[in-house]
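Dear colleague,

I am handing over the structure we spoke about, with the sequence alongside. Please have both open as you read, since the notes below move from one part to another.

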Amino acid sequence: MTAVENDADVIVVGAGPGGSATAYHLARHGVRVLLLEKTEFPREKVCGDGLTPRAVRQLIRMGVDTSPEAGWLHNRGLRVIGGGVRLELDWPDLASFPNYGLVRTRLDFDDLLAKQAVGAGATLRTGVNVIGPVLDDAGQVIGVEAENGPDKAPVTFHAPLVVAADGVSGRFPLALGLAKREDRPIGVAVRRYYRSEVRHDDDYLESWLELRAKGTNELLPGYGWIFGLGDGRVNVGLGILNSSSAFGKTNYRRLLTDWLANTPPEWGMTDETNAEGSILGAALPMGFNRVPHYTRGVMLVGDSGGMVNPFNGEGIAYAMESGELAAEVAVQALARPAGAERERALLAYPQELKTRFGGYYRLGGIFVKLIGRPEIMRVATKHGMPHPTLMRFVLKLLANLTDPRGGDAMDRVINAMTRVAPAV
């Protein structure tokens, strides 16, 4: 094959949190990065818009100003509602993570991160829809085929390494034959914005373990959230896991309105005139449901590699974290000659992902199966919620917030559990 001139050292497909984090950390190390995004910024994404301290840590590592003056709403922890109990749990005070969470809409969150990547030296091209890989004679990926702009003009970009950060659809890895694994958990979430002067400025992210329709005591499937945005609006949504018998058999949008009809009228979520936009939904690919995370010159980051936390549905933190890790591995790999030496370095990426999250995600898969059984969830809620110490342990486990060395007794128990669990 004739040698081609590379347009970049690394092409990153998708400028969501994972792609922008990857591009930022690569560019910071002097790597020539081409960041390709099919839409134009700002653009909306289906999300709860809430960020745990794990995600906040990644923002800080990208040099993002997370102060209220910069447009962020801070929160102190998680408010859990269920079993007739309302419990407020502060984020743990740890050496490894900040002790606050954040809320910000994806409309400008993703735009902000993409600009941060550009500020570090990455080249961002929007309106470029990547449709597949460019392969050499050996089947190695050496670039991408794309459609540019509204006229969909064909364009080709070359690079010795491609990072797929194209979200849950995973069109790029699918083009390489990397299908989703059906034995891993997956969820579906729907959300809507409402104007609510009563609830918009909240110190806590709010999680509902039990959902009930108005005028009935019957439990609805799924788990809900209400996150204040601090600007007169709230993000309200619910999620259902594939371990639930209702998964794939329920009108999720109707389910959301049925639950909200049971909320106090003064919250404003029962009045259709307070709604902003329609109810939107998205899939949550969990527990490494697409592997391998490196193959043939392509690294998978974030939702593209199924990295959503099965315990709590959090995806942004893991997208950004895997992006930083992918960048660190890529920098070392690109410093080696193409061929066996470089491949050896790149194969460290899936291994490190498995070391960091494999055991934890295995536990998460067990958790998903258990809470999919209503009788188990009822017992757990009834007997667990009244015990704040136990719930603080649960918060640390679900949010994956522990100090890896030292820490308190809870940290040591959780860390030991994740170490002994077989990695997925």
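Before anything else, please keep in mind that this is a predicted model. I begin with a pair of helices late in the chain: helix H10 (residues 388-399) and helix H11 (residues 409-420) pack at an angle of about 45 degrees, and their axes are 10 Å apart. The two helices, H10 and H11, are therefore oblique to each other, and their crossing is right-handed. On the H10 side the contact is made by Thr389, Arg392, Phe393, Lys396 and Leu397, while H11 contributes Met410, Asp411, Val413, Ile414 and Met417. Sorted by class, the contact of H10 with H11 has 6 nonpolar, 1 polar and 3 charged residues.

A second helix pair joins parts of the chain that stand far from each other in the numbering of the two helices, namely H2 (residues 53-61) and H6 (residues 316-334). The axes of H2 and H6 come within 8 Å and cross at roughly 40 degrees, which makes H2 oblique to H6. The crossing of H2 and H6 is left-handed. Which residues of H2 meet H6? They are Arg54, Ala55, Arg57, Gln58, Leu59 and Arg61, and on the H6 side they meet Ala317, Tyr318, Met320, Glu321, Glu324 and Glu328. By class, this contact of H2 with H6 has 5 nonpolar, 1 polar and 6 charged residues.

The third pair is formed by helix H1 (residues 17-28) and helix H3 (residues 106-120), which pack at an angle of about 15 degrees with their axes 8 Å apart. Why is H1 called roughly parallel to H3? The reason is that angles under 35 degrees count as roughly parallel, and the angle between H1 and H3 is about 15 degrees. H1 passes H3 in a left-handed crossing. In this contact Pro17, Ser20, Ala23, Tyr24, Ala27 and Arg28 of H1 meet Arg106, Phe109, Asp110, Leu113, Ala114, Gln116, Ala117 and Ala120 of H3. The residues of the contact of H1 with H3 divide into 9 nonpolar, 2 polar and 3 charged.

Turning to the sheets, one of them is an open sheet of 3 strands in the order S9-S10-S11, with antiparallel pairing. Its edge strands are strand S9 (128-135) and strand S11 (153-158), each of which pairs on one side only, and the twist averages 25 degrees from one strand to the next. S9 and S10 run antiparallel and are joined by 7 bridges, and within that pairing Val128 has Asn148 in S10 as its bridge partner. The hairpin of S9 and S10 has 5 residues between the strands, and there Gly139 takes a positive phi near 85 degrees. On the other side, strand S10 (residues 141-148) is joined to S11 by 6 bridges, and these two strands also run antiparallel; Ala146 stands opposite Val155 in S11.

Another open sheet is formed by 6 strands in the order S8-S2-S1-S12-S21-S20, and here the pairing is mixed. Strand S8 (123-126) and strand S20 (294-295) are the edge strands, each pairing on one side only. S20 is joined by 2 bridges to strand S21 (residues 298-300), and the two run antiparallel, with Met299 in S21 as the bridge partner of Tyr294.

Some details of the backbone in the loops also deserve a look. A cis peptide bond joins Phe41 and Pro42, with omega at about -5 degrees, and Pro42 has its place in the loop between strand S2 (33-37) and strand S3 (50-51). The loop between S2 and S3 also holds Asp49, which has a positive phi of about 70 degrees although it is not a glycine. Elsewhere, the peptide bond from Val291 to Pro292 is cis with omega near 0 degrees, and Pro292 is found in the loop between strand S19 (275-285) and S20.

Finally, there is a note from the record: an unreviewed UniProt entry lists residues 7-183 as "domain: FAD-binding". In the model, the end C-alpha atoms of residues 7-183 lie 38 Å apart, and the span is 23% helix and 33% strand.

With best wishes

Notes. Residues are numbered from 1 along each chain as its sequence is written. This is a predicted model: local features need pLDDT of at least 70, side-chain atom pairs count only at pLDDT 80 or more; totals for chains, interfaces and linings use all residues. Side-chain values use heavy atoms; hydrogens and water are left out. Axes are lines fitted to C-alpha atoms, for helices over the stretch in contact, and angles run from 0 to 180 degrees between N-to-C directions. Helices (H or I, at least four residues) and strands (E, at least two) are DSSP runs, numbered from the N terminus. Angles under 35 degrees count as roughly parallel, over 145 as roughly antiparallel, 65 to 115 as roughly perpendicular and the rest as oblique. A crossing is left-handed if the near helix is turned anticlockwise from the far one by less than a right angle, and right-handed if clockwise. Contact means heavy atoms within 4.5 Å. Ala, Val, Leu, Ile, Met, Phe, Trp, Tyr, Cys and Pro count as nonpolar, Asp, Glu, Lys and Arg as charged, and the others, Gly among them, as polar. UniProt positions are given in the numbering used here, feature names are shortened, and annotations may be inferred rather than shown by experiment. Two strands pair if DSSP finds at least two bridges between them.
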